[in-house]
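Reader: I am new to protein models and would like to learn how to read one. Could you walk me through it, step by step?

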Amino acid sequence: MFDDDDDRRDRDDDEEEEEDRRREERKAARKKNPNLVTCARCYSLRHHGVVKNQAAEILMPSFDFGRVVGNKLKRTGPGGAVILLLVDIVDFDASFPIDAVDFLDPYVKDETVDVLLVANKVDLLPTRCTRARVSSFARRRAKSHGLRKAAGVHLVSAHTGMGINTLSEQLMQLLEDGREVWVVGAQNVGKSSLIVRLSRRFDGPGPEDGGPLASHLPGTTLGVVKLPKLLPNGTDVYDTPGLLQPFQVSSRLTGEEARMVLPRRRLSPRTYRVEVGGSIHLGGLARVDYLDGPQRTVYLTVWVSDDVVSHYVVRGENGKADALYEKHAGGKLSPPIGENRVKQLGEWGSRTVTVYGTDWNTSTRDISIGGLGWVGVGVNGEASFRVWTHEGVNVETREALV
Ligand code: GDP
């Protein structure tokens, strides 16, 4: 139990500070190596003749969002632009395009652009998630990642069409004469799928019609693509290259491995009762150890794709969890696929995170692991965990999504 409100506030402040610190760390890492911001599709096409995710390259040529998109944005019509900012709801924090949002901030501030935050893939969430709750989750998380203002927050599924009508209605209201629509987001958040969906919603072509959208067949988009008059009122749509977020472990995976990590079906929870000293392996990509907390056991709920193996080791002492990883990462603990791939993913290391939960039998906090999924934590009070993953992969604590 929390002692009193002041204590709770202090803890919330601590978490916020921690979040700010991580954000600054990521920005600093990006400044040191600007090559980390890149268009994955362009890179793969140019260098491999194939589409994204085929190479386990981490450092790739730079895609300068500011230069490419900024110059074009400056030349937008008098009404400015509407930005559809896409995030993947099941990988919210790591798919959030933090650099693009930083860059867009002055335009948002002076109202040259309106941003619609579009959280895609809601079909993957369990049915018990309510729209209101997920929506306020998205709004709060986006704010904490630097999005000053959103003209709307939309939960959609480009696959099932959920939420597309409401999004289209707001778009129609915003599309005055001369406005353009820009679609911005990390790779794999579903930009192409959404554009096709929107085009069809307004009786436009689909990729099979051989029109401009043929370029939206996976992997054929190079650079910024203008889709002239795709939406009503003669509105042009600009599709921007998928930003490669190096802090998503999925961005380092081969095509086959990435397909295992990207969930295809609604996520189903795997809940473990974990003792102090116990560990959960998430394939060979991450591991969460329960170090200490107010209860001897905590409930940890793993939310990852069905194809990612998870495995609980009762007591991690005597190096049991380490030994298991050494022996099976890339094999029984997959993805990655193959022992030789393990080292290619970057140095394996750990960091300690503190979680302040308010209920021991429901997850009130999450530990999210970029490009992989998240672990919901059921604990009443302050608990600490050691999270193992590859260097540079985003690990964050946040309010619980489910
Ligand atoms: P882009 O790289 O941002 O253009 O993303 P794509 O449109 O190519 O989609 C990337 C992957 O996510 C593909 O495997 C899509 O089938 C999948 N995807 C896109 N939208 C959705 C969605 O609404 N729900 C689900 N479950 N998967 C989606």
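Author: Gladly! Let us start with one small backbone detail. Just after helix α8, D203 takes a positive phi of about 60°. Keep in mind that this is a predicted model.

Reader: Where does a positive phi turn up in the hairpin of β10 and β11?

Author: In the turn: G283 there has a positive phi of about 55°, and 3 residues lie between the two strands. We will come back to that hairpin.

Reader: Before that, how many helices and strands does the protein have?

Author: There are 11 helices and 17 strands. Of the 402 residues in the protein, 44% are buried.

Reader: Is α8 largely enclosed or largely open?

Author: For a question like this, count the buried residues of the helix. In α8, 8 of the 11 residues are buried, so the helix is largely enclosed by the rest of the structure. The buried ones are K191, S192, L194, I195, V196, R197, L198 and S199.

Reader: What do those buried residues of α8 pack against?

Author: They pack against one helix, α7 (164–174), and against the strands β2 (81–88), β3 (113–120), β5 (180–185), β6 (225–231) and β7 (235–239).

Reader: Which element gives the largest share of the shell around the ligand?

Author: Helix α8 again, residues 191–201, with 3 residues. The shell has 18 residues, and H159, G190, K191, S192 and S193 come nearest to the ligand. Sorted by class, the shell holds 5 nonpolar, 10 polar and 3 charged residues.

Reader: Now the hairpin, please. How do β10 and β11 pair?

Author: To read a pairing, look at its sense and its bridges. Strand β10 (residues 279–282) pairs with β11 (residues 286–292) in the antiparallel sense over 4 bridges. Within that pair, I280 stands opposite V288.

Reader: Which other strand pairs with β10?

Author: Strand β13, residues 310–313, pairs with β10 in the antiparallel sense, also over 4 bridges. There, H311 is the bridge partner of H281. Both faces of β10 are covered: S279 and H281 are buried on one side, and I280 and L282 on the other.

Reader: How many residues does the largest nonpolar core have?

Author: The count is 89 residues, and those with the most contacts inside this core are I83, L84, L86, V118, V183, L300 and I367. Strand β16 (residues 373–390) supplies the largest share of the core, 8 residues. The core also draws at least three residues from each of domain 2 (33–246) and domain 3 (253–399). Apart from it lies another core, of 6 residues, including A321, A329, L333 and V342.

Reader: What is L300 in contact with?

Author: Setting aside neighbours within four places in sequence, L300 is in contact with Y272, V274, I280, V288, V375 and V377. You have already met I280 and V288, the residues that stand opposite each other in the hairpin strands.

Reader: One last residue: why does G392 count as buried?

Author: Burial is read by counting C-beta neighbours, and 20 or more inside 10 Å is the cut-off. G392 has 20 of them, so it counts as buried. Its place is in the loop between β16 and β17 (395–399). Leaving out neighbours within four places in sequence, G392 is in contact with P246, F247 and G346.

Reader: And how do contacts in the protein reach along the sequence?

Author: Among contacts between residues at least 6 apart in sequence, 73% join residues at least 24 apart.

Key
Residues numbered from 1 in each chain as written. Predicted model: local features only at pLDDT ≥ 70, side-chain atom pairs only at ≥ 80, totals over all residues. Near = placed C-beta within 6 Å. Nonpolar A, V, L, I, M, F, W, Y, C, P; charged D, E, K, R; others polar. Core = buried A, V, L, I, M, F, W, Y, C linked by C-beta atoms within 7 Å. Buried ≥ 20, exposed ≤ 12 C-beta atoms within 10 Å, placed from the backbone. Domains from an automatic or database assignment. Contact = placed C-beta atoms within 7 Å. Pairing = 2+ DSSP bridges.
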